[in-house]
Amino acid sequence: MADPRFHRRSGPLTLGAIAKRIGAVLVDPHAADMSIEDVAALDSAGPRDLSLFYDRRHTDRVQTSKAAAVVTTRALAGRVREGTQLLIAKDPRLAFAQAGHLFYPAPPVAAAIDPRAHVEPGAAIGPDCRIDPGAVIAEGAEIGPRCRIGANSVIAAGVVIGPDCRIGPNTVISHARIGARVEIGSCCTIGGPGFGFVPGPTGLLRVPQLGCVIIEDNVKIDANCAVDRGANGDTIIGAGTAIDNLVQIGHNVRIGRYCAIAGQTGIAGSTVIGDGVLIGGQVAISDHLTIGAGARIALKSGVCRDVAAGSSVGGYPAVPARRWHRQTATLGRLSARSQAAGAPEQRPGSTSGADEAEVPGGELMKEGAAD
Amino acid sequence: MADPRFHRRSGPLTLGAIAKRIGAVLVDPHAADMSIEDVAALDSAGPRDLSLFYDRRHTDRVQTSKAAAVVTTRALAGRVREGTQLLIAKDPRLAFAQAGHLFYPAPPVAAAIDPRAHVEPGAAIGPDCRIDPGAVIAEGAEIGPRCRIGANSVIAAGVVIGPDCRIGPNTVISHARIGARVEIGSCCTIGGPGFGFVPGPTGLLRVPQLGCVIIEDNVKIDANCAVDRGANGDTIIGAGTAIDNLVQIGHNVRIGRYCAIAGQTGIAGSTVIGDGVLIGGQVAISDHLTIGAGARIALKSGVCRDVAAGSSVGGYPAVPARRWHRQTATLGRLSARSQAAGAPEQRPGSTSGADEAEVPGGELMKEGAAD
Amino acid sequence: MADPRFHRRSGPLTLGAIAKRIGAVLVDPHAADMSIEDVAALDSAGPRDLSLFYDRRHTDRVQTSKAAAVVTTRALAGRVREGTQLLIAKDPRLAFAQAGHLFYPAPPVAAAIDPRAHVEPGAAIGPDCRIDPGAVIAEGAEIGPRCRIGANSVIAAGVVIGPDCRIGPNTVISHARIGARVEIGSCCTIGGPGFGFVPGPTGLLRVPQLGCVIIEDNVKIDANCAVDRGANGDTIIGAGTAIDNLVQIGHNVRIGRYCAIAGQTGIAGSTVIGDGVLIGGQVAISDHLTIGAGARIALKSGVCRDVAAGSSVGGYPAVPARRWHRQTATLGRLSARSQAAGAPEQRPGSTSGADEAEVPGGELMKEGAAD
């Protein structure tokens, strides 16, 4: 079970109630009153827990699991050990996630503006908000009902935040219009100036950054991200999109709906991303590109050209995924053949210290005070 | 026009006044009294707006633009629609950016030390500063005149900040000497310890990090960056350099003047970067390298060797840009030929889940509670 | 010497006392009373300074150094200029780092809970802690003795922090159990929700993230990092591991003891890393992989498969380091041959703007307001 210091469990709930709430079918209606206390993985579930079986490669695990019941599909049900109750769902992972939220609902937060928060006179705070200590809400900002603004966060002048949003601690938001039910993690910067410069007589002059950031409903942005405002026009993040930690979104980028963008990815200025695009971690996407709806971009790709809707790409520079795999294989074969022929090796790193470090970054452990 | 919630427009201004302020020539002196209300892109400009035409590929757009006037070059002037006023500038993008700042000057900030800021007794604050709520200015810190220190930022003991600097909210600065007119965004860490360790009997021991960070005049550092102090000697960022979001600068790195470093780039310890270097996003530069003045480094390159002054490099490991393009083309051709010959493919990802995910990072959407 | 604004020097110390404290042998016992004032690099050391000589490539420098004494090995001692005192250590870099900490001990901090800190009634603060202004310690958090919590940091409900820890300013910690002598830099997020989603009827639904983060003794995490809590089970960082700036650790990742992870690296969900692994900067490691103990991963690698214990890998997708170097060399040769044969070039970037920008990311300096 989850550590009760951090996660407050609700329940118990009956199997029948769970089935109803998650839209699953309880195969044995006589089990509707069975009491379930928790959700757990197959291996750790006990006789009062609900678990998940969605992949036939886990058949061994479901056979030995002590779970009282599992959420699964009709197709997989036959692989479950006799005596385990069955909740049949079309998408068992979704249903099980919903069950998890039943047992571990978001903790209730008492509505209050902490007296140690700094709410400026001209700020408008909706009813039932929670504003934590040290948060700053500037003049002209509007916070919708039932929002939670974390400690030491800063909401700058004019920012509009819709109902039921959660802003983490130590986050800074300026030049932004934010919809309903948006969640933004801690230590984010939303609405900073874009990176557009022209060389001038006394150095680089920033091009005026006159747009803002539009974040639509149900967007989730995790921790330590930076989303720049538009230079001319706005930076837009479409409804339902989820963004992981440490992601950079450049100025005037437009991201569609229901995209998922993994950690440390960066999207350069004015690129347009369609709906339902999946982007792996540490991907870089160059500026002024178009990524079609439903595209998938592999971990750490460097995208320098447009990507067609529905396609999968990978590599640096990124190419269609099959071509990338083929290129990787080709290079491996040619290189092995070349070695057999006795060609000399070449090192990518600087040659200094070659005796100690076999790889770049091997310098890591060699920092003396002489450096 | 820019959203007035976030951007307060000044003006109107006459064409003559604008021309004078941005150093442009108004072709038709009779238009000097024409009133201009705003700056706008060619497509969205109205009959009281000033726009920009700097690229002949935009000839169609300038022909149909409703702009009252455009900033352009003498060479491009003939392509502008009859009746549009012409402001001729040597560098029209610079001139137009300057015009933008005329219409949208930085908002005035009332000088004040907010009573909710935490200014320690031994801190020295120059005249006409603005210190926002929750900011902490430690003993021995010196803040020059007319600085703005954002809410909940922390300026540690001994830090020196020159005149007219702007430090964003929730930023932490220690061990640093900062010049004039420096702008640092929100959620940055300046002056943290470098990543230098020696293995010791009870684990890794950090090598004493006894330097500081020197930031010269007119430097801009955007949001969520981390700049480490020197281990022995200082980390230096040269005058006029601009650094985007989420950039990492290692200890003892020395960056020249007027460089531009795009988002999520990392520069490892003790590397030296010359003046005017342009570095794309997500570039990694290894430690103890020298990057010559005026070099250009392509998006997402991994630089493991010195880079000659004035050269362009790209790839991982980075090579001269032309060679990189050639290598990319060569690999594509060899791979296509190999496919024609029927060679098998190889997948870069782990084979588990291969039926579901065609690309690494495709696991993104498959996280069940069983993970 | 180090800038006294930022680094308070202790001492002077005698050579004999230094030798004893760092476990070195002073070759000439008559020099035991010699007074040493500072540590310095060979080139900058003066006649009252201690320096380091650990690499025979620095023989010229040690010959001309004015240092009073050097820490070195028995094997290198013969290369030191006559008249320089010798401290012989098995690992001279470790010994010299220890000497540096003797001269520059961590500055003493007066124990106090600043009255401007926000310590909730139900929080438990151990003796002799220093809690800086604006820090928030929530109900149910437990802070061990002699900890320092930086200004404006937020320690959420239930978090446990062991003795002698240092948490930097503006850092946010939730859902975490932290051991002894742990150091966490500024602007970090520890314990945020992992990036696991299932598509649902109204968009992406986050899988309940029911674990926490376990940070063992003596771990160091530098600035602006994000460490997600486990989804089911915990995210674990093993004792003595050191993590650089801007690193992302996904949910359920388990990292062993005494690893070193350089800046901007990302480790995706559920990957397991053995003891003593060295990871260069900007590395991406995919999810659900196993990296064996003692492995070394080169700068900017993209790891898509398991890595064997003790091996060195590099490249994208990462392969054994020797194979990577060979592939790099092979591609260079084949490409040069292909050029000699007159094959056409291919550009990785979009063709627009090709006349101005030779490399992707060259758009950096071309941002007009028309973008």
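Here are some questions and answers about how the chains of this predicted model meet.

Me: How many residues of chain B are in contact with chain C?
Reply: Contact here means heavy atoms within 4.5 Å. By that cut-off, chain C puts in 100 residues. On the other side, the number from chain B is 107.

Me: What area do chain B and chain C bury between them?
Reply: The size of an interface is often given as the accessible area lost when the parts come together. For chain B and chain C, 58% of that area is on carbon and sulfur atoms. The whole buried area is about 7700 Å².

Me: Which residue of chain B forms a salt bridge with Arg116(C)?
Reply: The count between chain B and chain C is 4 salt bridges. A salt bridge needs a side-chain nitrogen of Lys or Arg within 4 Å of a carboxyl oxygen of Asp or Glu, so an Arg has to be paired with an Asp or a Glu. With the closest N and O atoms 3.0 Å apart, the partner of Arg116(C) is Glu120(B).

Me: Which helix gives the largest share of the side of chain B that touches chain C?
Reply: Besides salt bridges, this interface has 30 residue pairs in polar contact, both residues being at pLDDT 80 or more. On the chain B side, one helix puts in 12 residues, the largest share. That's residues 321-340, helix α4.

Me: How many residues on that side of chain B are nonpolar?
Reply: Let's split the side of chain B that touches chain C by class. There are 19 charged residues and 35 polar ones. The nonpolar residues number 53.

Me: Now for chain A and chain B: how far apart are N and O in the salt bridge of Glu120(A) and Arg116(B)?
Reply: Chain A gives 108 residues to this contact and chain B gives 100. Between them the count is 4 salt bridges. In one of these, the side chains of Glu120(A) and Arg116(B) meet, with an N to O distance of 3.0 Å.

Me: How many residues does helix α4 of chain A give to the side that touches chain B?
Reply: Look at residues 321-340 of chain A, which make up helix α4. This helix gives the most to the side of chain A that touches chain B. Its contribution is 13 residues.

Me: What relation links chain B and chain C?
Reply: Two copies of a chain are related by a rotation about an axis and a shift along it. Chain B can be laid on chain C by a turn of 120° and a shift of 0.0 Å along the axis, with an RMSD of 0.0 Å. So the relation is that of a three-fold axis.

Conventions. Residues are numbered from 1 along each chain as its sequence is written. Chains are lettered from A and ligands numbered from 1 in the order in which they are written. This is a predicted model: local features need pLDDT of at least 70, side-chain atom pairs count only at pLDDT 80 or more; totals for chains, interfaces and linings use all residues. Side-chain values use heavy atoms; hydrogens and water are left out. Buried area is the accessible area (1.4 Å probe) that two parts lose on being put together, summed over both. A polar contact is a pair of N or O atoms within 3.5 Å; within protein, one must be able to donate a hydrogen and the other to accept it, and residues adjacent in sequence count only if both atoms are side-chain atoms. Helices (H or I, at least four residues) and strands (E, at least two) are DSSP runs, numbered from the N terminus. Ala, Val, Leu, Ile, Met, Phe, Trp, Tyr, Cys and Pro count as nonpolar, Asp, Glu, Lys and Arg as charged, and the others, Gly among them, as polar. Copies are superposed by least squares on the C-alpha atoms of residues with pLDDT of at least 70 in both.
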